[in-house]
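Student: Please take a close look at one part of this model for me. I would like the helix that sits by the ligand, and what surrounds that helix.

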Amino acid sequence: MNITLTKPFILRCFIVSLLLSLPFFLFLILLLLSPQQHYRHVSIATTGNDNLRIRPGYSSYDAYIQRQLNKTLNPRLRKIWTTRDWDRKIPVFARFFEDLKEKKLLQKGSKALCVGARVGQEVEALRRVGVSDSIGMDLVPYPPLVVKGDFHNQPFDNGTFDFEFSNVFDHALYPERFVGEIERTLKPNGVCVLHVALSRRADKYSANDLYSVDPLLTLFNHSALVHVRAVDGFGLDTEVAFRKNTLG
Ligand SMILES: C[S@@+](CC[C@H](N)C(=O)[O-])C[C@H]1O[C@@H](n2cnc3c(N)ncnc32)[C@H](O)[C@@H]1O
């Protein structure tokens, strides 16, 4: 077969091959722009540490929120959390907070926030140890103890709280936002106490896995480490306390 390579022929071949490869390039662009890819990259790049890994499998932010809500809104579980678990967990939280008071990290006059407080057991515990100006925040409100809010974008002004407690770091899809929001809403010199699991994997609703405290030291870049100690907090084994710098 004799094919003459004229200019129009070459041009037609070029256009046809361009059209044929278009779906591939579109697919590549969509893959690169998908939110999950983006955030996974951001998290690892920001912490610069393989000791904090974002779990794969969330196709979008909505999918992540929906997964959290599936458990938090479960009526059978909410019944248990507000009855049987209520009396079991509050005294344990209260002991943690008494201890933090003894260490002068928490005062009766502190304005306190519990991040990811679900039905507010830790808020009730704070109030029982005399920290009356305490509130919780969760995706689902539970008045009067817990207001609605996303910990990646807290509904509070800068410098609102003296003290923030959270045992839900593992639920953060964007750990740098989770910590950034705590540092933003703490007053200068304010204290943040986290309970985290280092020696075992947290539950199936977790969005990240933490293997050492090092990533937390990197993320809390406007705070100083106060202490790291072993605790027995409902499957969470380590308490890490930070104090926000005076200059914010
Ligand atoms: C393991 S539970 C802990 C509940 C509570 N702190 C306790 O110890 O009883 C995790 C909580 O984090 C909440 N949560 C998950 N993602 C959240 C988000 N992006 N913003 C606020 N709360 C969130 C869930 O709704 C759930 O109530």
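**Ligand shell and helix α6**

Tutor: This is a predicted model. Start at the ligand. Of the 16 residues around the ligand, Gln68, Thr72, Gly116, Arg118 and Phe151 come nearest. By class, this shell holds five nonpolar, seven polar and four charged residues. Two helices, α3 (61-72) and α6 (121-128), each supply at least two residues of the shell.

Now follow α6 to its helix neighbour. The axes of α6 and α5 (residues 84-102) come within 8 Å and cross at roughly 55 degrees. The two helices are therefore oblique to each other. The crossing of α5 past α6 is right-handed. On the α5 side, Trp86, Lys89, Ile90, Phe93, Ala94 and Phe97 make the contact. On the α6 side, Gln121, Glu122, Glu124, Ala125, Leu126 and Arg128 do so. Sorted by class, this contact has seven nonpolar, one polar and four charged residues.

Next, the sheet. Seven strands form an open, mixed sheet in the order β4-β3-β2-β5-β6-β9-β8. Its edge strands are β4 (146-148) and β8 (223-233), each pairing on one side only. Neighbouring strands are turned by 20 degrees against each other on average, direction ignored. Within the sheet, β2 (residues 112-115) and β3 (residues 134-138) run parallel, joined by four bridges. Ala112 has Ser134 of β3 as its bridge partner. Helix α6 packs on this sheet and touches β2, β3, β4 and β5 (161-166). The direction of α6 makes about 175 degrees with that of β3.

To pull it together: α6 contributes to the ligand shell, contacts α5 and packs on the sheet.

Methods: Residues numbered from 1 in each chain as written. Predicted model: local features only at pLDDT ≥ 70, side-chain atom pairs only at ≥ 80, totals over all residues. Near = placed C-beta within 6 Å. Nonpolar A, V, L, I, M, F, W, Y, C, P; charged D, E, K, R; others polar. Axes fitted to C-alpha atoms, helices over the stretch in contact; angles between N-to-C directions. Parallel < 35°, antiparallel > 145°, perpendicular 65-115°, else oblique. Left-handed = near helix turned anticlockwise from the far one by under 90°. Contact = placed C-beta atoms within 7 Å. Pairing = 2+ DSSP bridges.
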